[in-house]
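Before we discuss this chain at the bench, I would like to set down some notes on its model. Please read them with the structure open beside you.

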Amino acid sequence: MSGSRTDCDVVELAREEALTLLARAPFGRVVYTRDALPAIRPVNHLLDDGLLIVRTRLASQFSATVRSRSEVVVAYEADDIDIDRRTGWSVVVTGIARPVTDPARTARYQRILRPWIGAPMDGVIEIEPTLVSGIRLVDNRTDSATADG
């Protein structure tokens, strides 16, 4: 078997399937603009009522960026890739990020979305998934032997 040969196909995912996979992912990466340059931060998330919810520190650059403007375009990516088999999936959401300011919603998300780090996470950001795209890497090898040439 050649090391440069791939035995996978890329299959585009429908929006609903992509969101279902995203909902199962334990974490992802938020992409935003910081000082006119792209910045990426890993965060955990949940999907609730069609919105992607992340917790953050109010003092963080991401939170400050979202709070400084009424609508901030961000991207969010999550994946589950088996590097040995070269299979799995990747989902990217692009949409508007806004701070959650309603105290009841903030308290609810603080109860159900536990951050992975010990630092206080006192902010909640919602991302409206306007554009949703995803791919699945599918192993297309067959168990039967094929002839070379």
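The points below go from the overall fold to the salt bridges, the aromatic pair, the pocket and the surface.

1. Please keep in mind throughout that this is a predicted model. The secondary structure of the chain amounts to three helices and eight strands, and, followed along the sequence, these elements come in the pattern β-α-β-β-β-β-α-β-β-α-β. The chain has 149 residues, and buried residues account for 37% of them.

2. The salt bridges deserve some care, as the count comes to nine. One of them joins the side chains of Arg 108 and Asp 48, with an N to O distance of 2.8 Å. This pair links distant parts of the chain, since Arg 108 belongs to helix α3 and Asp 48 to strand β4 (residues 45-48), and the two are 60 residues apart. Are the partners buried or exposed, or partly exposed? Arg 108 has a relative accessible area of 32%, so it is classed as partly exposed, whereas Asp 48 is classed as buried because its relative accessible area is 18%, and the cut-off for buried is under 20%.

3. A second salt bridge is formed by Arg 98 and Glu 128, whose closest N and O atoms are 3.0 Å apart. Arg 98 is part of strand β7 (residues 87-99) and Glu 128 is part of strand β8, so this contact ties together parts of the chain that are 30 residues apart in sequence. Glu 128 is partly exposed, because its relative accessible area is 34%.

4. A third salt bridge is formed by Glu 126 and Arg 105, with 2.7 Å between the closest N and O atoms. Here strand β8 provides Glu 126 and helix α3 provides Arg 105, so the pair ties together parts that are 21 residues apart in sequence. Glu 126 counts as buried because its relative accessibility is 10%, while Arg 105, at 29% relative accessibility, counts as partly exposed. Through salt bridges that share partners, Glu 71, Arg 98, Arg 105, Glu 126 and Glu 128 are joined into one network.

5. How many aromatic pairs does the model contain? The count comes to one aromatic pair, formed by Tyr 32 and Phe 62 in a tilted arrangement, with 5.1 Å from centre to centre and 50 degrees between the planes. The pair links distant parts of the chain, as Tyr 32 is in strand β2 (residues 28-34) and Phe 62 is in helix α2 (residues 61-68), 30 residues apart. Both partners are on the buried side of the classification, Tyr 32 being buried and Phe 62 likewise.

6. The largest pocket holds about 330 Å³ of space. Its lining is made of 17 residues, and those that lie nearest its centre are Arg 41, Pro 42, Val 43, Ile 117 and Met 121. The elements that contribute two or more residues to this lining are β2, β3 (37-43), β5 (51-56) and α2, and the largest share, three residues, is given by β3.

7. On the surface, Phe 27, Trp 116 and Ile 117 make a nonpolar patch of about 330 Å². Ile 117 therefore deserves a second look, because this member of the patch is also among the residues that lie nearest the centre of the largest pocket. Trp 116 sits in the loop between α3 (103-112) and β8 (123-139), and this residue counts as exposed because its relative accessibility is 57%.8. Arg 114 is also placed in the loop between α3 and β8, and its relative accessible area of 58% is why it is classed as exposed. Where does this loop residue stand in relation to Arg 55? The two are 59 residues apart in sequence, yet their C-alpha atoms are 8.2 Å apart in space.

9. A last position to check is Val 72, which is found in strand β6 (residues 72-82). Val 72 counts as buried because its relative accessibility is 3%. Its C-alpha atom is separated by 10.0 Å from that of Pro 99, a residue 27 positions away along the chain.

Methods: Residues numbered from 1 in each chain as written. Predicted model: local features only at pLDDT ≥ 70, side-chain atom pairs only at ≥ 80, totals over all residues. Heavy atoms only, no water. Patch = residues over 30% accessible without salt bridge, like charges linked within 9 Å, V, L, I, M, F, W, Y side chains within 5 Å. Areas by Shrake-Rupley, 256 points an atom, 1.4 Å probe, with all protein chains shown as cover. Salt bridge = Lys/Arg side-chain N within 4 Å of Asp/Glu carboxyl O. Helix = DSSP H or I, 4+ residues; strand = E, 2+ residues; numbered from the N terminus. Buried < 20%, exposed > 50% of the residue type's maximum accessible area, 1.4 Å probe, protein only. Phe/Tyr/Trp six-rings, centres within 6.5 Å; stacked < 30°, edge-to-face > 60°. 1 Å grid on protein atoms, 1.4 Å probe; cavity = no way out; pocket = protein on both sides within 12 Å on 5 of 7 lines; lining within 4 Å. Points joined across faces, edges and corners; volume = space filled by probe spheres on them.
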